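Work through the exercises below with the model open. Try each task before reading its solution.

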Amino acid sequence: MHARPASNRLAHVDSLRAVAALLVACAHLWQRFLPFAHPDQMTFEKSWPRYFDFGITGVIVFFSISGFVIYGTLRGPREGAGRRFVVSRFFRLFPAYWASMVGGLIFIWWWQGLPITGALVAGNATMLPTSFQPQQVMCLYWTLENEVAFYRWCLFNWRVGALARPPVPAGLVVGVSLYCCAG
């Protein structure tokens, strides 16, 4: 039997992130199919998935955990860390996103006869479609656009040395949390 090499990943934290992603997926399924189980609108509004709002909870937990683990990817020797961060984020997100985008173009846009334009494809391929004004291929992509903005923000804070001063990340967490609670 061979010992597995030590990993820098925190499996238990990744598991919590997977649970958060499942909460979001379940919320979308419930939103779509729960009205069929409870045709009466009042009964539907009082159902436990609507009462606990698992989708919002899952998104907040997922982004919070991502914010917690992102620092680990920027640790180590400063030489080349920014480049490693950008390359790892790119290969972690974009290939799966592009495959999803192709699926969305085929099964949502083409299937329904919606116009597929070069601007739509190019703007969505960047994962920042609202920056380029075309409609998103799938409405759920807003989370990925926020994630890319978050990574840019983390890289900037790392570059200026703000992540090395504990009061700065702590203040950022409190500030973002208050902003999310107020919104």
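**Exercise 1.** Does methionine 127 count as buried or exposed?

*Solution.* The model is predicted. Start with the cut-off: buried means under 20% relative accessible area. Methionine 127 has 1% relative accessibility, so methionine 127 counts as buried. Next, locate the residue. Methionine 127 sits in the loop between helix H6 (118-125) and helix H7 (129-132). Finally, check the backbone. Most residues other than glycine have a negative phi. Phi of methionine 127 is positive, near 70 degrees.

**Exercise 2.** Find which residue forms a salt bridge with arginine 17, and place the pair in its helix.

*Solution.* A search of the whole structure gives 1 salt bridge. The partner of arginine 17 is aspartate 14, with the closest N and O atoms 3.0 Å apart. Both residues belong to helix H1 (residues 11-37). They are 3 residues apart there, so about one helical turn separates them. An α-helix has 3.6 residues a turn, so residues three or four places apart point the same way. Now compare accessibility. Arginine 17, at 12%, counts as buried. Aspartate 14, at 21%, counts as partly exposed.

**Exercise 3.** Test the end-to-end span of helix H5 (residues 81-110), then find where H5 bends and what covers its buried residues.

*Solution.* H5 has 30 residues. At 1.5 Å a residue, H5 should span 44 Å. Its end C-alpha atoms are 41 Å apart, which agrees. H5 bends by about 25 degrees at glycine 104. Gly104 is also one of the buried residues of H5, which include Phe85, Arg89, Tyr97 and Trp109. Their cover includes helix H4 (54-73), H6 and helix H8 (142-159).

Terms used: Residues are numbered from 1 along each chain as its sequence is written. This is a predicted model: local features need pLDDT of at least 70, side-chain atom pairs count only at pLDDT 80 or more; totals for chains, interfaces and linings use all residues. Side-chain values use heavy atoms; hydrogens and water are left out. A salt bridge is a side-chain nitrogen of Lys or Arg within 4 Å of a carboxyl oxygen of Asp or Glu. Helices (H or I, at least four residues) and strands (E, at least two) are DSSP runs, numbered from the N terminus. Buried means under 20% relative accessible area, exposed over 50%, partly exposed in between (1.4 Å probe, protein chains only). The expected span of a helix is 1.5 Å times one less than its number of residues. The bend at a residue is the angle between axes fitted to the seven residues ending there and the seven starting there. Contact means heavy atoms within 4.5 Å.
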